[in-house]
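Visitor: I should like to examine the reasoning behind the terms used for this structure. Please take me through them one at a time.

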Amino acid sequence: MKTAVVTGAGKGLGREIARGLATKGFSVLVTDIDEAAAAETARLIGESAWSMRQDVRDAAFHHEVARAANQRGALELWVNNAGVLYAGGAWEHSDEEVGRMVDINVLGMIWGARAAVEAMRAKGGHIINMASISALTPAPGLAIYGATKHAVLGFTYSLAGDIQRARLPIEVSAVCPHGINTDMVRDISDSKESSLVFTQPKLLTVEEVTATVLDLVDSPRLAVTMPRAYAALVHALRPFPGLSLKLDKPISWLGDLQRRKSRGSG
């Protein structure tokens, strides 16, 4: 039996990814800091899933998770999905909020990838890191979050290089989606500083992002950005961050319009 680990899978995108992997024949270890939510995800999936409470900020415990997955079957896939998001000016967040975003989004992902490499280095596997489109462009109003996702993407690229140099049979991928219709995004929709999250006409669904993750399982690629139409614009502007910042005002205006519409305030 092949196994997979999905962090932050107590609800939302992580839950849908875990469900999708089960349909592909994986036995899925669902982890989340909310033990009850992780258990509920596993219950909904059925016999092909089980759960553990995991705080991804605990470096050592990632190895416990890897060992637990390997006891059920060969660990072939690790999805670093756990993350947190706060909107606001870079200097407006509390120190606790900054620390949580960096510790969970960056260090949690690094600890997970390191544990996965250790567990997979002999037989091979695949590590998928959930980044964001904010890893590719300036993200006013999301500066700290965007910085953490720049780190996720940069680490993914360099980890792939380390693995290639070491000739390990492990694939590494990053997924860079625009805003997704999850509780995490809805929770910041009351803040005007979150306007860039809403610049697309419609938020991505967890099903759409999960489909991309599942495609990567079948056909690994180093990085995928979605949706494609918006990604084309972001990649075209990527070498010109100054120009992107000059476009911030009209883009943010559009995003704020969509944000207020999503909250039913017209």
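The conversation below turns to the sheet, then to a helix, then to the nonpolar cores.

Guide: Please bear in mind throughout that this is a predicted model.

Visitor: What makes S3 and S7 the edge strands?

Guide: The open sheet holds seven strands in the order S3-S2-S1-S4-S5-S6-S7, with parallel pairing. Strand S3 (49-53) and S7 each pair on one side only, and this makes them the edges. From one strand to the next, the twist averages 20°.

Visitor: How do you know that S6 and S7 count as paired?

Guide: Pairing requires at least two bridges between the strands. Strand S6 (residues 170-177) and S7 have four bridges, in the parallel sense, and therefore they satisfy the criterion. Within this region, Pro-177 stands opposite Met-226 in S7.

Visitor: Which strands does H1 lie across, and how is H1 oriented to S1?

Guide: H1 lies across S1, S2, S4 and S5, and runs at about 175° to S1. Angles are taken between N-to-C directions on a scale from 0 to 180 degrees, so a value of about 175° means that H1 and S1 point in nearly opposite directions.

Visitor: How does the span of H1 compare with the expected one?

Guide: Its twelve residues reach 17 Å from the first C-alpha to the last, which is close to the 16 Å expected at 1.5 Å a residue. Just after H1, Gly-25 takes a positive phi of about 95°.

Visitor: Why is H1 called mostly covered?

Guide: A residue is buried when its relative accessible area is under 20%. Nine of the twelve residues of H1 meet that limit, so the helix is described as mostly covered. Among them are Leu-13, Arg-15, Glu-16, Ile-17 and Leu-21. The buried residues of H1 pack against S1, S2, H2, S4, S5 and H7.

Visitor: Which residues touch the most other members of the largest nonpolar core?

Guide: Of its 30 residues, these are Val-6, Leu-21, Val-28, Leu-77, Val-79 and Ile-128. Elements that each supply at least two residues include strand S1 (2-6), helix H1 (12-23), strand S4 (74-80) and helix H7 (206-218). H7 gives the most, with six residues.

Visitor: What is Leu-21 in contact with, beyond its neighbours within four places in sequence?

Guide: Leu-21 is in contact with Ala-4, Val-6, Phe-26, Val-28, Leu-77, Val-79, Leu-214 and Val-217. Apart from this core lies another, of 22 residues, among them Leu-29, Trp-78, Ala-115 and Leu-159.

How values were computed:
Residues are numbered from 1 along each chain as its sequence is written. This is a predicted model: local features need pLDDT of at least 70, side-chain atom pairs count only at pLDDT 80 or more; totals for chains, interfaces and linings use all residues. Side-chain values use heavy atoms; hydrogens and water are left out. A nonpolar core is a set of buried Ala, Val, Leu, Ile, Met, Phe, Trp, Tyr and Cys residues joined through side-chain atoms within 4.5 Å. Buried means under 20% relative accessible area, exposed over 50%, partly exposed in between (1.4 Å probe, protein chains only). Contact means heavy atoms within 4.5 Å. The expected span of a helix is 1.5 Å times one less than its number of residues.
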